[in-house]
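Colleague: Could you take me through the aromatic rings in this model, and then through the nonpolar core?

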Amino acid sequence: MIRAGSLRHQVVIQQLSTAQDAAGQRDAVWSTFATRRASVDRTPGREVWASAQRSARVPTIFRLRWLEGVLPAMRVVWDSRVFNIVSSLDPDGLRAELILTTDELVGVAP
């Protein structure tokens with residue numbers, strides 16, 4: 001069970017959806033799936049090569065109370081930074097806690 005005191009950070013989980021603009025074109029937009037309190041664990045980063053440019057990939061783990069429907073195609077926004085979800089895990093199978101393993105790409109132009 002997660003202790004409430006460790007859930008210090010507010011995070012937003014977003015999912016990719018489509019919206020129609022004024023011209024009738026469909027655009028991909030990120031919409032809010034859920035807003036939750038979470039603990040954040042920053043692990044040491046590693047350098048990767050992306051599009052022939054060096055960037056840093058910073059693995060980060062978010063722990064929050066159980067939330068149904070979180071998928072690796074979603075992302076986490078915390079402190080105006082974006083983290084791609086790599087995996088979501090229910091560690092004990094009791095649906096009490098959700099662990100999101102994410103990667104933040106640093107140094108890559110959007």
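Modeller: Rings of Phe, Tyr and Trp, with the six-membered ring taken for Trp, pair if their centres lie within 6.5 Å, and planes over 60 degrees apart count as edge-to-face. By this rule the count comes to three aromatic pairs in what is, I should say at once, a predicted model. One of them joins Phe-62 and Trp-78, whose rings are 6.1 Å apart centre to centre with 80 degrees between the planes, an edge-to-face arrangement. Because Phe-62 lies in strand S4 and Trp-78 in strand S5, this pair ties together parts that are 16 residues apart in sequence. Phe-62 also pairs with Phe-83, and here the centres are 5.2 Å apart and the planes at 75 degrees, so this pair is edge-to-face. It links distant parts of the chain, with Phe-62 in strand S4 and Phe-83 in strand S6, 21 residues apart. Phe-62 and Trp-78 are both buried, Phe-83 is buried too, and ring pairs link these residues, Phe-62, Trp-78 and Phe-83, into a cluster.

Phe-62 leads on to the largest nonpolar core, which has 15 residues and in which Phe-62, Ile-13, Leu-64, Val-70, Val-76 and Leu-100 are those with the most contacts. Among the elements giving two or more residues to this core are strands S1, S4, S5 and S6. Ile-13 stands opposite Val-76 in S5, and three bridges join S1 to S5, which run antiparallel. Beyond its neighbours within four places in sequence, Ile-13 is in contact with residues including Phe-33, Leu-64, Val-70, Val-76 and Leu-100.

Methods:
Residues numbered from 1 in each chain as written. Predicted model: local features only at pLDDT ≥ 70, side-chain atom pairs only at ≥ 80, totals over all residues. Heavy atoms only, no water. Core = buried A, V, L, I, M, F, W, Y, C linked by side-chain atoms within 4.5 Å. Buried < 20%, exposed > 50% of the residue type's maximum accessible area, 1.4 Å probe, protein only. Helix = DSSP H or I, 4+ residues; strand = E, 2+ residues; numbered from the N terminus. Contact = heavy atoms within 4.5 Å. Pairing = 2+ DSSP bridges. Phe/Tyr/Trp six-rings, centres within 6.5 Å; stacked < 30°, edge-to-face > 60°.
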